[in-house]
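Student: I have a two-chain model open and would like to learn how to read it. Could you walk me through it?

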Amino acid sequence: MHRAGHYQGLKKTQYGYPIPYIPKWIEPWESLNSPKTNKYPFHLISPHPRWRTHSIFNNCSWLRETYEQEVTMNASDARRLGIKMGDVVEIWNERGKVVVPVYVTERCMPGVAVLFEGAWMDLDGQGVDRAGNPDFLTLDSPSPAGAFAYNTVLVDIQKTDLDHRPVWDKVGTSRAYVFRRDM
Amino acid sequence: MTTTTSETATKKTVVKRRKHVTYTPVKPEMQLAFVHNNVDCIGCRACEMACKDKNGLPPGPRFRRVMYIEGGTYPNVYAYKVNMSCNHCGEPACLPACPTGAIFKRKQDGIVDIDSTLCIGCRRCEATCPYGAPQFDPEEGIVKKCNMCVDEIEAGRKPYCVMACMMRVLDIGPKDELLAGTYETKAVGPGEKVVTQVKHFANPELTNPSILFVPHSKGRVDA
């Protein structure tokens, strides 16, 4: 007979963090439960982009036309912050700051921001990434099991006058860009 | 209510004016049409890439465009895609707008094409098209558009976009057969009916576009 609590013990990984013996949810370093949300209220996730493989093919101009590096956020959050579709915003926390255009949608959960990984960085003189690479915002320490904790990051977002440089000029001669999306 | 009636009246006037000043359109023996399944399309844009590859386009013009239509309020949201290139209209708006007569409609299959040797790049067709099909190529200084891969069709194959579609949601076929549901295509599932118009799509009475959709439940105009 196993006593209750036998499997609830914690062991330390080679990275020095305690994790449970059986797989279960544990509180991440940063989440919407943490007190840090007072300062950084958005949970940033950085999924794989559809138009490049991580950072590969980011310089392919055809693929750059299909989607662009932008942060996706919920419409109610955007309304509260006075942000409209296509505005340039800065996303920051204590680790860094990136500048990207915003895509406002109802299809994103409120309180969550989505910034696709793999953009090629373009630093200005102040250390701000103008291209919008979420690596500037992610945690520097590994997860307890030694993985990269790129989907539990707290950030704040605001409208900005800082420069966004997508490292590719949209050709202003075509109506293609206008027809890209329709709300 | 008053705004709706005045809008309808305006639309009717526009259609009337358009019909009045237009030329006698070419009556093709058979009109080829695109058919797109708005629901099953995943928006991967492989068709766009295949098209740009076939036509050797620089960044800028995109003959085929996949558009996301989304709506609702979180958490009850929906999204679907509308995929359009040139609709090879029955009464193309671009054709009479061309000052050099470079745009023509083929008699045998109703394909609308631009003769690039005659095009002077005035971009009038670009302004008249309700769908944004003719697009300016900044490198060559002329307007280009989808020609439904005429060479492929003459070789007995389908256009590059159709062949690149991994979800098989895009296809071409004779318009009357597609409308009647007698044409065998993977884009239209069993029990599905095609429509000529979806939300946010220009009034088909204007140019009689040769494109049919399997509509999303939220994208129907008749619902």
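Tutor: Happy to. We will go through the fold of one chain, a buried charged residue, the cores and the interface. Keep in mind that this is a predicted model.

Student: Let's begin with chain A. How many helices and strands does chain A have?

Tutor: Chain A has 2 helices and 9 strands. Reading from the N terminus, their order is β-β-β-α-β-α-β-β-β-β-β. Of the 183 residues in chain A, 46% are buried. You can also look at sequence separation: among contacts in chain A with a separation of 6 or more, 69% join residues 24 or more positions apart.

Student: I noticed E30(A). Is E30(A) buried or exposed?

Tutor: E30(A) counts as buried because its relative accessible area is 2%, and the cut-off for buried is under 20%. This residue sits in the loop between β2 (18-20) and β3 (42-45) of chain A.

Student: Which side chains make a polar contact with the side chain of E30(A)?

Tutor: There is one with K36(A), at 2.4 Å, and one with R95(A), at 3.1 Å. Leaving aside residues up to four places away in sequence, E30(A) touches K36(A), E94(A), R95(A), L139(A), T152(A), V153(A) and L154(A).

Student: Now the cores. What is the general idea there?

Tutor: In soluble globular proteins, nonpolar side chains tend to be buried together. Here, the largest nonpolar core has 34 residues, and the members that touch the most others are F34(B), V82(B), M84(B), M148(B), L170(B), F201(B) and F213(B). Several elements of chain B supply at least two residues each to this core, including β1 (32-37), β3 (76-84) and β8 (170-174).

Student: Take F201(B) as an example. Which residues does F201(B) touch?

Tutor: Not counting residues up to four places away in sequence, F201(B) touches M84(B), N87(B), Y131(B), T196(B), P209(B), I211(B) and F213(B). Apart from the largest core lies another, of 19 residues, with M73(A), I91(A), V100(A) and L115(A) among them.

Student: What about a helix such as α2(B)? Which residues of α2(B) are buried?

Tutor: They are C47(B), E48(B), M49(B), A50(B), C51(B) and K52(B). To read a buried helix, ask what lies over it. For α2(B), the cover includes α1 of chain A as well as β2, β3, α6 and β8 of chain B. After α2(B) comes G56(B), with a positive phi near 60°.

Student: That brings chain A in, so to speak. How do I describe the interface?

Tutor: The size of an interface is often given as the accessible area lost when the parts come together. In this model, chain A and chain B bury about 2,600 Å² between them, with 54% of it on carbon and sulfur atoms. The contact involves 27 residues from chain A and 36 residues from chain B.

Student: How many salt bridges and polar contacts lie across the interface of chain A and chain B?

Tutor: The rule finds 2 salt bridges there, along with 12 residue pairs in polar contact. One of the salt bridges joins the side chains of R107(A) and E70(B), at 2.9 Å from N to O.

Student: And which elements make up the side of chain A that touches chain B?

Tutor: α1 (61-66), β6 (97-105) and β9 (181-182) of chain A each supply at least two residues. The most come from α1(A), with 5 residues. By class, that side of chain A has 13 nonpolar, 6 polar and 8 charged residues.

Terms used:
Residues numbered from 1 in each chain as written. Chains lettered and ligands numbered in written order. Predicted model: local features only at pLDDT ≥ 70, side-chain atom pairs only at ≥ 80, totals over all residues. Heavy atoms only, no water. Contact = heavy atoms within 4.5 Å. Buried area = accessible area lost by both parts, 1.4 Å probe. Salt bridge = Lys/Arg side-chain N within 4 Å of Asp/Glu carboxyl O. Polar contact = N/O pair within 3.5 Å; in protein donor to acceptor, adjacent residues only side chain to side chain. Helix = DSSP H or I, 4+ residues; strand = E, 2+ residues; numbered from the N terminus. Nonpolar A, V, L, I, M, F, W, Y, C, P; charged D, E, K, R; others polar. Core = buried A, V, L, I, M, F, W, Y, C linked by side-chain atoms within 4.5 Å. Buried < 20%, exposed > 50% of the residue type's maximum accessible area, 1.4 Å probe, protein only.
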